[in-house]
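Welcome, and please open the model in your viewer with the side chains switched on. We will go from stop to stop, selecting a few residues each time.

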Amino acid sequence: MASLQLATKARQLALVNPVPTLYRSIAKELPRVLTIYDIDIPVPEARAGIRSLFESNGSVKDERVVGMLVEKGYMELEETLLHYKQRSHLLRIFEGFKHKSTGADRKKLGMDSSIDEQFDRA
């Protein structure tokens with residue numbers, strides 16, 4: 001079985017700035033990932049989606065949490081490159097959640113609902 005072991009290599013390097021290094025590693029592999037998974041998103045738009053994930057965790061100051069997030073990032077990259085993910089998983093990262101009205105947020109139907117209401121749920 002193929003193994004990249006990116007997280008192990010990153011841990012052994014003991015980098016001074018591990019977050020920018022992770023971001024550069026992801027940005028370097030992004031065109032290949034888009035090609036492998038046949039995702040029709042421009043590379044700058046995909047980079048913006050990745051950047052938003054990094055920015056959402058920008059307020060984390062605890063070094064242990066930062067280290068955990070960096071290792072998790074390398075593991076996610078490794079799983080993506082080894083094709084362990086599906087296309088929909090990556091689209092969720094790049095485009096975000098498009099349909100907010102799913103699951104518990106969807107309109108609940110009662111016992112007296114008409115057939116039209118049942119088909120208008122989506």
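What do the side chains of Arg64 and Asp62 meet in? Select both: their side chains meet in a salt bridge, at 3.3 Å from N to O. Keep in mind throughout that this is a predicted model. Now colour the pair by accessibility. Arg64 counts as exposed, at 69% relative accessibility, while Asp62 is partly exposed, with a relative accessible area of 33%.

**The whole chain**

Zoom out and switch to a cartoon view. You should see six helices and zero strands, so please read the elements from the N terminus as α-α-α-α-α-α under the DSSP-run scheme. The chain has 122 residues, and 23% of them count as buried. If you display contacts between residues at least 6 apart in sequence, 76% of them join residues at least 24 apart.

**More salt bridges**

How many salt bridges does a search of the whole structure find? The search finds three, and you have already visited the one between Arg64 and Asp62.

For another, select Glu29 and Arg32. Their side chains meet in a salt bridge at 3.0 Å, N to O. Both residues lie in helix 2, which covers residues 18–36, and they are three residues apart, about one turn of the helix. Is Glu29 buried or exposed? Glu29 is buried because its relative accessible area is 17%, under the 20% cut-off. Its partner Arg32 is partly exposed, at 44%.

Next, select Lys85 and Glu76. These two form a salt bridge whose closest N and O atoms are 2.2 Å apart. Lys85 is buried, with a relative accessible area of 11%, whereas Glu76 is partly exposed, at 31%.

**The largest pocket**

Keep Glu76 selected, and add Ile26, Leu53, Phe54 and Gly73. These five lie nearest the centre of the largest pocket, which is lined by 25 residues. The volume of this pocket is about 670 Å³. Which helix gives the most to the lining? Helix 4 does, with eight residues. To see the surroundings, show helix 2, helix 3 (43–56), helix 4 (63–81) and helix 5 (87–95), each of which supplies at least two lining residues. Colour the lining by class and you will find 16 nonpolar, five polar and four charged residues.

**The nonpolar core**

Now select Ile39, Ile41, Ala46, Leu90 and Phe94. They have the most contacts inside the largest nonpolar core, a set of 18 residues. Helix 2, helix 3, helix 4 and helix 5 are the elements that give two or more residues to this core. As background, nonpolar side chains tend to be buried together in soluble globular proteins.

Centre the view on Ala46. Which residues does Ala46 touch, not counting those up to four places away in sequence? Leaving those aside, Ala46 touches Leu30, Leu34, Ile41 and Phe94.

**A last stop**

Finally, select Ser52, which has its place in helix 3. Ser52 is partly exposed, with a relative accessible area of 38%. Add Ile93 and draw a line between the two C-alpha atoms: they are separated by 9.6 Å, although the residues are 41 apart along the chain.

Terms used: Residues are numbered from 1 along each chain as its sequence is written. This is a predicted model: local features need pLDDT of at least 70, side-chain atom pairs count only at pLDDT 80 or more; totals for chains, interfaces and linings use all residues. Side-chain values use heavy atoms; hydrogens and water are left out. A salt bridge is a side-chain nitrogen of Lys or Arg within 4 Å of a carboxyl oxygen of Asp or Glu. Helices (H or I, at least four residues) and strands (E, at least two) are DSSP runs, numbered from the N terminus. Buried means under 20% relative accessible area, exposed over 50%, partly exposed in between (1.4 Å probe, protein chains only). On a 1 Å grid over the protein atoms alone, a cavity is a set of points where a 1.4 Å probe fits but cannot get out, and a pocket is an open set with protein on both sides within 12 Å along at least five of seven lines; lining residues have an atom within 4 Å of a point. Grid points are joined across faces, edges and corners, and a volume is the space filled by probe spheres set on the points. Ala, Val, Leu, Ile, Met, Phe, Trp, Tyr, Cys and Pro count as nonpolar, Asp, Glu, Lys and Arg as charged, and the others, Gly among them, as polar. A nonpolar core is a set of buried Ala, Val, Leu, Ile, Met, Phe, Trp, Tyr and Cys residues joined through side-chain atoms within 4.5 Å. Contact means heavy atoms within 4.5 Å.
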